[in-house]
Amino acid sequence: MKMRFSSLLSLGALLAGSLLSGCATTPQTSQDNTATEPTPVILVSLDGFRTEYLSRGLTPHIAAIAQNGITTTAMHPSFPSITFPNHYTLVTGLRPDHHGIVGNTMTDPAHPGVTFTMASKESYWWDEAEPIWVTAKKQGLKVATMFWPGSESEIHGIRPDDYSAFDKSMTDDQRVNKLLSWFDVPAKDRPRFATLYFNTTDTNGHHFGPNSPQVNDALRDVDEGVNRLMEGLASRHIKADVIVVADHGMSEIGDNHFIVLDKVAPAASFNFITGGAYAGVNAQPGKTKVLEAGLLHKHDHMQCWRKGEIPERLHYGTNPRVPDYICLADPGWVVLKTKPAANHPPIKGDHGYDPASPDMNALFVASGPDFPAGKVLAPFDNVDVYPLVMQLLKVQAQPNDGTLAPFVPLLTMNPT
């Protein structure tokens, strides 16, 4: 699988007038020749907010961003369609196979005996790529992250100027207030790029299912959080480009819709790395044949591959951190190591499925000075968000798998 290095250079002819032409922090000049501060870019993640949620009529403030700016009929996540890989994709423009965060749980042959979890902070897990806040800071911009996977780690020796360690107990209002506090400084000292993260939609989706009253409550909550952000910016007279995204969608899981791997292959034949909508396993020494005999044939509601034979459309399987075998469930099913105990809470919602599944479609809305109003884009992949943000920041992008093509007809930014 070839990496599609289509950074800003791929569309140089179309964007020659608006590409980087000097210091990224240089104030722009308005038509009356008065200096104005550069427009901040704020990237907001609503974890697990599938595209369909926007049509429920429960999120008027998020809908207003779409009406006053741009949206899409579908933004496709990258495989695996789970939280950490896709958050890092959004800020690097690289598929998980290329940026190295290939799962929420993973191992690395270069670090035997160590397992990555969502609490891991060691830099080597993240250093296969360079997120926006690192690149922007290298090029002279102030950056701030109010939660984002990777933002608590020192990446290539750099941390955000302002950041907070993830604290699930912080309310949405507290998160917004903390982010806004970083803008309560003189204009020249404000963040030029910032992130904000809300998790309740995803949490309630897992516990209760995407069609539950609890998810609807979470939609109202995150909508109020987004509104608090927009009102806080307006009260400070800050005109920002605000991009609200999700990392993935959510599928309803049927009762007892689980596939038990130790019934498919002997438990002694594999080391279980991760499970859920997809599972990753490595063969135990000397057990490859018996494991493959169990995995590599037709199954109801699941398909398994050797890592080197995963379909090309999933862009997955070349990174050493990818397990030797990947088993992907049909939407509505999950793959587990063993049968859950009778008292185990039921699994009501999950994600991680084929990005082509409509349930995996993720939210994308954006508005601000650099976006036109009321425009709807054709579907695009989430790797394309990164070159868009880098273009808005007027920062030279790192090589990436994305393209600006979906946004070129819509960008209203003036040449610098």
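**Note on the predicted model: one disulfide and its surroundings**

1. A search of the whole structure, which is a predicted model, finds one disulfide. Its partners are Cys304 and Cys327, with their sulfur atoms 2.2 Å apart. A disulfide is a covalent bond between the sulfur atoms of two cysteines.

2. The link of Cys304 and Cys327 is right-handed, with 110° about the S-S bond. Cys304 belongs to strand β16 (residues 302-306) and Cys327 to strand β17 (residues 325-329), so the pair ties together parts that are 23 residues apart in sequence. Both Cys304 and Cys327 are buried.

3. The two strands that carry these cysteines are also paired with each other. Strands β16 and β17 run antiparallel and are joined by five bridges. One position can be named on each strand: Gln303 has Leu328 in β17 as its bridge partner.

4. Strands β16 and β17 are part of an open sheet of four strands, in the order β14-β15-β17-β16, with antiparallel pairing. The edges are taken by β14 (270-274) and β16, each with a single partner strand, so one side of each is left without a neighbour in the sheet. On average, and with direction ignored, neighbouring strands of this sheet are turned by 25° against each other.

5. Lys307 is placed in the loop between β16 and β17. Is this lysine buried or exposed? Lys307 counts as buried because its relative accessible area is 18%, which is under the 20% limit for that class.

6. The surroundings of Lys307 can be described in some detail. Leaving aside neighbours within four places in sequence, Lys307 is in contact with Tyr316, Gly317, Asn319, Pro320, Val322, Pro323 and Asp324. For one of these residues, Val322, a polar contact can be given: the side chain of Lys307 reaches the backbone oxygen of Val322 at 2.9 Å. The C-alpha atoms of Lys307 and Ile326 are separated by 6.3 Å, although the two residues are 19 residues apart along the chain.

7. A second region to inspect is strand β8 (residues 143-146), which is covered on both faces. Val143 and Thr145 lie on one side, Ala144 and Met146 on the other, and all are buried. Strand β8 runs parallel to strand β10 (residues 193-198), with four bridges joining them. It also runs parallel to strand β9 (residues 162-163), and here two bridges join the strands.

8. Individual residues show how β8 is placed with respect to these partners. Ala144 has Asp162 in β9 as its bridge partner, while Thr145 stands opposite Thr195 in β10.

9. Thr145, a residue of strand β8, counts as buried because its relative accessibility is 0%. Which residues surround Thr145, leaving aside its neighbours within four places in sequence? Thr145 is in contact with Trp133, Ser151, Pro160, Asp162, Tyr163, Ser164, Trp182 and Thr195. Among them, Thr195 is also the residue that stands opposite Thr145 in β10.

10. Helix α10 (residues 385-393) is mostly covered, nine of its nine residues being buried. These buried residues include Tyr386, Met390 and Gln391, together with Val385, Pro387, Leu388, Val389, Leu392 and Leu393. After α10 comes Lys394, whose phi is positive, near 60°.

Conventions:
Residues numbered from 1 in each chain as written. Predicted model: local features only at pLDDT ≥ 70, side-chain atom pairs only at ≥ 80, totals over all residues. Heavy atoms only, no water. Disulfide = S-S within 2.5 Å. Buried < 20%, exposed > 50% of the residue type's maximum accessible area, 1.4 Å probe, protein only. Pairing = 2+ DSSP bridges. Axes fitted to C-alpha atoms, helices over the stretch in contact; angles between N-to-C directions. Contact = heavy atoms within 4.5 Å. Polar contact = N/O pair within 3.5 Å; in protein donor to acceptor, adjacent residues only side chain to side chain.
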